[in-house]
Amino acid sequence: MLTSIYMIAITAEAMSGALTAGRRNMDLFGVAVIAFFTALGGGTVRDILLGNFPVTWTQHPRYIYMTITGGLVTIVIARFMRHLHQLFLVLDAIGLVAFTVIGCNVALKLGYDTVVVVMAGITTGIFGGIIRDILCNRTPQVLRHELYASVSLMVAFLYLTLLRQGVGENVTLLAAFSLGLLLRMAAIRWGLSLPVFSYSQTRWE
């Protein structure tokens with residue numbers, strides 16, 4: 001089930017990356033590159049940091065085809081994307097949870113400590129969006145808008161806690177997805193965010 005959700009999630013993330021590339025007036029190659037890194041960048045960074053080689057997508061070429069195809073298809077259906085906005089918000093939230101859980105699983109299998117497992121989950125969940133925004137010359141949205149990275153953090157903690165308590169895998173996944181979707185949708189609906197640190201040297205002089 002998690003693998004199926006993952007494939008849906010990387011396709012949705014690839015399409016969101018393509019839209020961002022379109023807003024920057026990139027050519028077809030640029031769209032494909034941004035789509036690829038948005039969808040698979042988080043897992044790539046995680047594998048490099050954890051020393052988990054070969055990198056996951058190099059062993060599953062279909063992920064490459066799916067993300068690039070998703071990005072290019074977005075160009076064709078771009079005029080209809082505004083009607084699918086709500087659907088993409090839900091798919092993005094599902095992707096965040098799926099990436100976080102998968103990242104935690106990878107680190108657990110490699111025998112890392114809890115704090116590393118949590119950071120591996122967060123990295124997988126948010127780093128694709130960070131790479132997308134950096135390549136598109138934007139301040140990473142996941143670090144400055146509604147709750148996003150913090151949702152990944154809470155999902156990782158809940159997932160690990162339930163696993164350590166011996167809760168079944170299916171129940172653990174259901175709880176993680178329920179929490180992640182609830183928090184992310186609530187953050188979007190009511191604009192929930194963490195306190196912002198705004199530093200101005202003149203303010204403190």
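Trainee: Which helix does G103 lie in?

Mentor: G103 lies in helix α4, and since this is a predicted model, that placement is a property of the prediction.

Trainee: Is G103 buried or exposed?

Mentor: G103 counts as buried, because its relative accessibility is 0%, and the cut-off for buried is under 20%.

Trainee: What is G103 in contact with, apart from its neighbours within four places in sequence?

Mentor: With those neighbours left aside, G103 is in contact with R46, A120, G121 and T124. There is also a C-alpha separation to note here, since G103 and G125 are 22 residues apart along the chain and their C-alpha atoms are separated by 7.6 Å.

Trainee: OK, R46 came up there. What does R46 form a salt bridge with?

Mentor: The partner of R46 is D47, and the closest N and O atoms of that salt bridge are 2.9 Å apart. Both residues, R46 and D47, are buried.

Trainee: How many salt bridges does a search of the whole structure find?

Mentor: That search finds three. Besides the R46 and D47 pair, D133 forms a salt bridge with R132, where the closest N and O atoms are 3.0 Å apart, and D133 forms another with R138, where the corresponding distance is 2.6 Å.

Trainee: Which residues are linked in a network of salt bridges, then?

Mentor: R132, D133 and R138 are linked in such a network. As for burial, both D133 and R132 are buried, and D133 counts as buried because its relative accessibility is 0%.

Trainee: And why would side chains like that pair at all?

Mentor: Side chains of opposite charge can pair when their charged atoms come close.

Trainee: Switching to S16, what is it in contact with, leaving aside neighbours within four places in sequence?

Mentor: S16 is in contact with T38, F88 and R132, the last of which belongs to the salt-bridge network with D133 and R138. S16 is found in helix α1, and it counts as buried because its relative accessibility is 19%, the cut-off being under 20%.

Trainee: How do α1 and α2 pack, in terms of angle and axis distance?

Mentor: The two helices, α1 and α2, pack at an angle of about 140°, with their axes 7 Å apart. That angle makes α1 oblique to α2, and α1 passes α2 in a right-handed crossing.

Trainee: Which residues in α1 meet α2?

Mentor: On the α1 side the residues are Y6, I10, E13, A14, S16, G17, A18 and A21, and they meet G30, V31, I34, A35, T38, A39 and L40 in α2.

Trainee: What does T67 touch, not counting residues up to four places away in sequence?

Mentor: T67, which is found in helix α3, touches I10, A14, A35, F36, A39 and L40. T67 counts as buried, because its relative accessibility is 0%.

Trainee: Last topic: in the largest nonpolar core, which residues touch the most other members?

Mentor: V101 and I126 do, out of the 40 residues in that core. The elements giving two or more residues to this core are α1, α2, α4, α5, α6 and α7, and the largest share, nine residues, comes from α4.

Trainee: And what does V101 touch, again not counting residues up to four places away in sequence?

Mentor: V101 touches L2, V155, Y159, L173 and A176. There is also a second, separate core of five residues, which includes A21, V31, I34 and C136.

Notes. Residues numbered from 1 in each chain as written. Predicted model: local features only at pLDDT ≥ 70, side-chain atom pairs only at ≥ 80, totals over all residues. Heavy atoms only, no water. Core = buried A, V, L, I, M, F, W, Y, C linked by side-chain atoms within 4.5 Å. Buried < 20%, exposed > 50% of the residue type's maximum accessible area, 1.4 Å probe, protein only. Helix = DSSP H or I, 4+ residues; strand = E, 2+ residues; numbered from the N terminus. Contact = heavy atoms within 4.5 Å. Salt bridge = Lys/Arg side-chain N within 4 Å of Asp/Glu carboxyl O. Axes fitted to C-alpha atoms, helices over the stretch in contact; angles between N-to-C directions. Parallel < 35°, antiparallel > 145°, perpendicular 65-115°, else oblique. Left-handed = near helix turned anticlockwise from the far one by under 90°.
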